[in-house]
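Me: Could you take a close look at one part of this protein for me? I'd like to go through the sheet, strand by strand.

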Amino acid sequence: MATINLKKGYNLDLVGKIADNDISVAPQAKLFAIVPDDFYGIIPRLDVAEGEHVDAGQALCHHRDDENLKITAPVSGTVKEIRRGARRKIEAIVISPDDVQTLKHFDTKLAPALLLAQSGLMAMIRQRPYDIVPMPDVAPRDIFVTCFDSAPLAPSLSLVLGDGKRYLQAGVDALASLTQGKVYLGLGHEDDLGLIGCEINVFHGPHPAGNAGVQAANVKPVNKGDVVWTLDVVTLARIGRLFTEGVVDFSTVVALTGELVEKPRYLSTIMGADLHSILDGNLLSGSSQPRIISGNVLTGTPVEPDGFLRAPYRHITVIPENARPDEFMGWASLSPKRFSIYRLFTSWLTGNRNVHLDARISGGERAIVMAGEYDRMLPMDIYSEFLIKAIIAFDIDKMEQLGIYEIAPEDFALAEFADTSKLELQRIVREGLDKMRKEMS
């Protein structure tokens, strides 16, 4: 068990933390939904129609380029609606659940990659380069599993995992059979999990230490021509149960956090549940303009109150849209209550680490002036500022030389928060990865 100390990054301590680890059971959701956009890299083709009954784990759609790579139903029930957007794009597949759930059983004797693809668990894994869902026929060099989440107000993955710990060894064995390299587990503290067939590393340091890509960059970086997979420990446990019992269980524990939550807590529910079952009765009365985020404040997806728990996340954050609409001088205010990561205001002198933040950007996009800003927030051996400039210019040679293959948008989320230039770094990185993939295909 090796220990790796990361010094770069920042822990953003927001108001709205969970005070205890008690888990409440959320009310039964009336609707569940799968949003294909959550599985980046998959171009969906429907396998079901409205009014059709599906079992939990049954395919809802498959990838256009590989019919074995499927996105599956989190619950059993009736397909109530297939929501489409512009040019008939599939925006969501909505399911009305059965009172008694039935699970689809898979043949555990199938080839491991094929079993993962058909069960929908391959869609929960990400590949580097390009940060997309991996193709079943491409073997990874190595596989990196993160066992903790360091994002603001993030849930304890150990708590979310629960009884799933007993499936971890089976999950490690399954992943080890898919690579000629190693399965790496990244822990946030020393803990003897009793697992064999994997290499364990302990990471100490601020966020984004919990990002699987950051862990990979500090253990065995991704170079041109390499393919690695990243996932979290909860997905690892689901893989272990699939290979042990032949079923996929999408039940989860969700952390409901944020300044506008009356009592931040853990709730037991199922992936894709409608937000009414999670939010009703849990928000502060009088909170007229909440920003509801499926995920954390840095990388999460804004959703409407009638939206759904998006597939990659087990975290809901609720913050004010604009906490101080009548503030004197607006974003240029010198109020001592304002927060700055660079201590530009006097609030840091009070010693109060709980930060009140709303959804405002507080300024407009401007030129990159301050040097080294991004590097302070990204514990990876790359010149991040120069890489961003190369992506904007779409200079392929420089992008390759500066490490485009080992990054993902989430790695730049903290740098985006700290950026005085107000650039949308995650969008820039995503567009750069997409252009690169198109150029190289």
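Reply: Here's the sheet, followed by a quick stop at a cavity and a helix elsewhere in the chain.

Keep in mind that this is a predicted model. The sheet is an open one with six strands, and if you walk across it the order is 2-16-15-19-17-18. Pairing is mixed. At the two edges you'll find strand 2 (23–25) and strand 18 (301–303). Each of them has a single partner strand, so one side of each goes without a neighbour in the sheet. From one strand to the next, the twist averages 35°.

Now zoom in on the edge at strand 2. Its link to strand 16 (residues 265–270) consists of three bridges, and the two strands run parallel. If you want a residue pair to click on, try S24, whose bridge partner in strand 16 is L267. As background, strands in a sheet pair through backbone hydrogen bonds, whether parallel or antiparallel.

Next, the cavity. The count comes to one cavity of 30 Å³ or more, and the space in the largest cavity is about 30 Å³. Its lining is made up of I34, F39, I71, T72, G120, M124, F250 and M271. Six of those lining residues are nonpolar, two are polar and none is charged.

Last, helix 8 (residues 384–393). Its buried residues are S384, E385, L387, I388, A390 and I391. They pack against helix 7 (373–377), helix 9 (396–401) and helix 11 (425–440). Right after helix 8 comes F394, with a positive phi near 50°.

Methods
Residues numbered from 1 in each chain as written. Predicted model: local features only at pLDDT ≥ 70, side-chain atom pairs only at ≥ 80, totals over all residues. Heavy atoms only, no water. Pairing = 2+ DSSP bridges. Helix = DSSP H or I, 4+ residues; strand = E, 2+ residues; numbered from the N terminus. Axes fitted to C-alpha atoms, helices over the stretch in contact; angles between N-to-C directions. 1 Å grid on protein atoms, 1.4 Å probe; cavity = no way out; pocket = protein on both sides within 12 Å on 5 of 7 lines; lining within 4 Å. Points joined across faces, edges and corners; volume = space filled by probe spheres on them. Nonpolar A, V, L, I, M, F, W, Y, C, P; charged D, E, K, R; others polar. Buried < 20%, exposed > 50% of the residue type's maximum accessible area, 1.4 Å probe, protein only. Contact = heavy atoms within 4.5 Å.
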